[in-house]
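Here is a quick tour of a model, with an eye on folds, charges and surface. Have the viewer open as you read.

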Amino acid sequence: MTRPFNKYVERLIIEDTTGARAAGMAAAQRLIDEHGTFLDDLERQLGVPYAEPLPGAAA
């Protein structure tokens with residue numbers, strides 16, 4: 001069980017020292033900054049059909 005954990009920690013260290021993690025986080029932040037409103041609206045639209053049960057649907 002320790003081997004997968006060691007590999008996980010090794011991967012985190014490599015990502016941290018190579019800047020891959022920071023680059024990924026920066027890209028995610030840019031995506032949110034540029035398209036966050038669109039994604040929020042889309043999430044609300046996709047959630048609407050599930051917010052209220054359809055007539056005749058079992059609760």
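Two helices and zero strands: that is the secondary structure of this protein. Keep in mind that the model is predicted. Helix 1 covers residues 2-18, and helix 2 takes in residues 20-51.

How much of the protein is buried? Of the 59 residues, buried ones make up 2%. The accessible surface adds up to about 5600 Å², and carbon and sulfur atoms own 62% of that area.

Now for the charged side chains. As a general point, side chains of opposite charge can pair when their charged atoms come close. How many salt bridges does the structure hold? There are three, and here they are with their N to O distances:

| Acidic residue | Basic residue | Closest N to O |
|---|---|---|
| Glutamate 10 | Lysine 7 | 3.7 Å |
| Glutamate 15 | Arginine 11 | 3.3 Å |
| Aspartate 41 | Arginine 44 | 2.5 Å |

Start with the pair in helix 1 made by glutamate 10 and lysine 7. These two sit three residues apart in that helix, so about one helical turn separates them. Glutamate 10 has 40% relative accessibility, which means it counts as partly exposed. Its partner lysine 7 is partly exposed as well, at 47%.

Helix 1 also holds glutamate 15 and arginine 11, and here the spacing is four residues, again about one turn of the helix. Glutamate 15 comes in at 23% relative accessibility, so it is classed as partly exposed; buried would need a value under 20%. Arginine 11, at 45%, is partly exposed too.

Over in helix 2, aspartate 41 and arginine 44 are three residues apart, which puts about one helical turn between them. Are these two buried, partly exposed or exposed? Aspartate 41 has a relative accessible area of 31%, so it is partly exposed. Arginine 44 reaches 53% and therefore counts as exposed, because the cut-off for that label is over 50%.

Finally, have a look at the nonpolar side of things. Which residues make the nonpolar surface patch? Leu31, Phe38, Leu39, Leu42 and Leu46 do, and the patch comes to about 470 Å². One of its members, leucine 39, belongs to helix 2. With a relative accessibility of 37%, leucine 39 counts as partly exposed, and that fits its place in the patch because members need over 30% relative accessible area.

To pull the threads together: the model has two helices and zero strands, three salt bridges and a nonpolar surface patch of about 470 Å².

Key:
Residues numbered from 1 in each chain as written. Predicted model: local features only at pLDDT ≥ 70, side-chain atom pairs only at ≥ 80, totals over all residues. Heavy atoms only, no water. Patch = residues over 30% accessible without salt bridge, like charges linked within 9 Å, V, L, I, M, F, W, Y side chains within 5 Å. Areas by Shrake-Rupley, 256 points an atom, 1.4 Å probe, with all protein chains shown as cover. Salt bridge = Lys/Arg side-chain N within 4 Å of Asp/Glu carboxyl O. Buried < 20%, exposed > 50% of the residue type's maximum accessible area, 1.4 Å probe, protein only.
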